[in-house]
Structure formats: structure tokens, C-alpha cells
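Here is a short briefing on a protein with a bound ligand. Look at the ligand's surroundings before turning to the helices.

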Amino acid sequence: MDHFCQNLQVMSNSEDSTAEVATGPFGSALVEQMVSASWRNGAWSKPIVGPVEPLRLHPAAHALHYGSACFEGLKAHRGDDGIVRVFRLDQHVRRLQDSARALVLPVPDAEMLTEMVVRLVRSSLASVPAAPGSLYVRPTLIGTEANIGAATRPSSEALLYVLASPVGDYFTGGGRPLMLAVNSELPRTTPQFGKVKAGANYAMALRTTIDANVDLGVDQVLFAPNGLITETGASNVLLLDGRSILTPALESTFLHGVTRDSILALASDLGYRIEERPVSVDDLVDWVGRPTAEVALSGTAAVLAGVGSISYRGQRHQVGDGLVGERTTELRRALTDTLIGRRPDLRGWLTAVPQ
Ligand SMILES: *Cc1c(COP(=O)(O)O)cnc(C)c1O
């Protein structure tokens, strides 16, 4: 097996749908099929379903040298009624299109990409675990032109493929409150790439995050260049207190999370007061000192995760009582109930996948 596949276990999707679906650590088990389409001579090929296997990629491929790679992450959930539904597919399709534009890669048609996702989920129905598990879906777009002279040109060829991975509850182990460190100097990535899911963004944040893991023992870094809070390496940040929510107003410097948007919409339905404005590190430090303060991170993988402490300039600030807060739990529940059809889908967020 090729070295890059060593840690990935490819799963058979032939079990019947009532059987328990095996899930490994997040993203480590893949369903055995993927759907792919390629861009050549200015047109997309017809998407095909095929086995997940090593790609035939030229060593001079654009993505490998010049970073033309982006992706999406979304989930399909099995409802109490057994029906599998994809959450906010249109938003994820649109964001992959935005990412493609930012990287000057061919922009997949919304209809084609939507169909590719639905087709993969449909052919993987037996691999969709029951809640709180789900099928994590990973559309990926890479520049494949073989030309090491194309540093200042877009790739003339590309590959779009969609993978899927059955995942368990992100919080097996009880949802321990996370520890964050604020970095008030470095941005997570460059401002023009902040709101797209370009692969290089994660490479840019990695050194800072690993150093903070090792030096401060924290889970994540909250990037706050110029003293203004943006987000962590892969999630948005929300400050809660009673029925108030404060979160940084959308800026092109950070990812506009679908989970963030969904939580804010549900919170507003539940009567929360929501404030979106620039949030400084000083605002954050003041906020966490309140006795009932909560801080939560939002993203497709973790949904809504509680933060127990924040380190800043060598000082550790406990958030409220240091535990995962009541409001965080309430909002997380509102969202997970929506995903599995236990709350009405008032905004048309769910795409049911035909059996
Ligand atoms: C994907 C991602 C998020 C969360 O976005 P969702 O749409 O909620 O999954 C937040 N920040 C970064 C940097 C991300 O890559």
C-alpha cells in the first residue's frame, strides 16, 4: 500500500444499514468509493464513482509545487426516521466555488458538485452511523497540470473528488473543556485567503499551533493579529453569557463557518441577543472573568465545543467556572436536534438523500 494510505482504513460499505457502522478516530476510516471529475481542455468530465485508491498524479503536479488545493467539510446525518440528510449542502458548494476562485482553479458547477456529494452519500448509505455519529464528506479540488514552470500561472488541469468518512461523536470522552492560547501577533493565514478553505492555510497555522501545544499545553491557538480576535486553526469563536452572544463580525480574514451561521440563527430563534462586531483580546479577557461566561468553538467536525481556559501573555484565564457551559450545551443540542430532524427544518437546511 502506498505510504500516504497507511493510516487510512478503507471500509466496506456492503453491511446492511441496521448494523453498527465502525468509525475510527475522526477522518481515519473512509468509505471505499469516491466520486470524481477532472477538468481538461476547459471542460469537466462526467463525474464517475470509483474505488478510493492512490491517485495517478504527476510529480510535477501544480498542487504539489504551488499549493493549488482546497477542500470542503460537511456532514450527512441519519435521522430518527432512518432518513439520511446532508446539512447545508448549498453553502458548502458555494464555499468550495469561492475557494476555487481564490486559487484560480476551475470553479465546479454548483449542480455538478451537489450531485457528486448526493451520489456519494447515496452509495454510502450503509456507512452512515446513527447519531451522534455521521458521515463526514470531503470534496477536494487540486491543480494537476504537470509543469514545474507554472509558478505564476494557474493550473490548466484539475481534479475534483469527494471522499466520505463515517465519524463518531467528536466528544467520546465527555467533551472536556478545551484550552486555548491567544496569539495577538500572528494571523492564521494571509488576509486574502482567510475566508476560503485553501490547504495552505492549515500549513501556515501549523507551526504556531504545534509550538503552543508543546510550550503551553493548550489544544488550539486563537489568532488575534493586531489584538482583534479572528478564529482558531479550524473553528470560529463565540462568547456567551446568559442569553447574550458576542462574536467577531464577518471579515474576509477568517472563515465564515456554516456552523457559526447555523448556531446564530438557532440562538436567535431561542431568544438570544446576538452581537457581531470587532472583538478585541481585551474584550475577551473581560468577558471570561464574568462568573457565568462561556466561550465556545464552532465547526462542522466538533459542532460546538466548550472552552475552559484561555492563556494570554503568560497568564491563564479561566472561562466562567471552567466547565463546558449550560448555554453551549443548549445550543449544541439545538443544532444536533436539527441535523437529525428532531427539530423542524425551518430554513430548508437539510437535503434528504433518496434511499
Ligand atoms: C472549516 C473551518 C471552520 C468551520 O467552518 P464550518 O463551515 O462551520 O465547518 C472555521 N475555521 C476554519 C479555519 C475552517 O477551516
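A polar side-chain atom of Thr-259 sits 2.6 Å from an oxygen atom of the ligand. That is a polar contact (a pair of N or O atoms within 3.5 Å). This is a predicted model, where local features need pLDDT of at least 70, side-chain atom pairs count only at pLDDT 80 or more, and totals for chains, interfaces and linings use all residues. Residues are numbered from 1 along each chain as its sequence is written, and side-chain values use heavy atoms, leaving out hydrogens and water.

**Ligand**
- The side chain of Thr-300 has an N or O atom 2.6 Å from an oxygen atom of the ligand.
- Val-258 places a polar backbone atom 2.7 Å from an oxygen atom of the ligand.
- Taken alone, the ligand exposes 380 Å², and the protein buries 96% of that (Shrake-Rupley method, 1.4 Å probe).

**Shell around the ligand**
- The ligand has 16 residues around it (a heavy atom within 4 Å).
- Among these 16, Lys-197, Tyr-202, Glu-231, Thr-259 and Thr-300 come nearest.
- Helix H2 (89–102) and helix H5 (258–269) each supply at least two shell residues; helices are DSSP runs (H or I) of at least four residues.

**Helix H3**
- H3 (residues 110–123) has 14 residues and reaches 20 Å from its first C-alpha to its last.
- Its buried residues (under 20% relative accessible area, 1.4 Å probe, protein chains only) include Met-112, Leu-113 and Met-116.

**Asp-286**
- Asp-286 is found in helix H6 (residues 281–288).
- Asp-286 counts as exposed (over 50%) because its relative accessibility is 55%.
- Asp-286 and His-317 are 31 residues apart in sequence and 9.9 Å apart in space, C-alpha to C-alpha.

Note on methods
The expected span of a helix is 1.5 Å times one less than its number of residues. A polar contact is a pair of N or O atoms within 3.5 Å; within protein, one must be able to donate a hydrogen and the other to accept it, and residues adjacent in sequence count only if both atoms are side-chain atoms.
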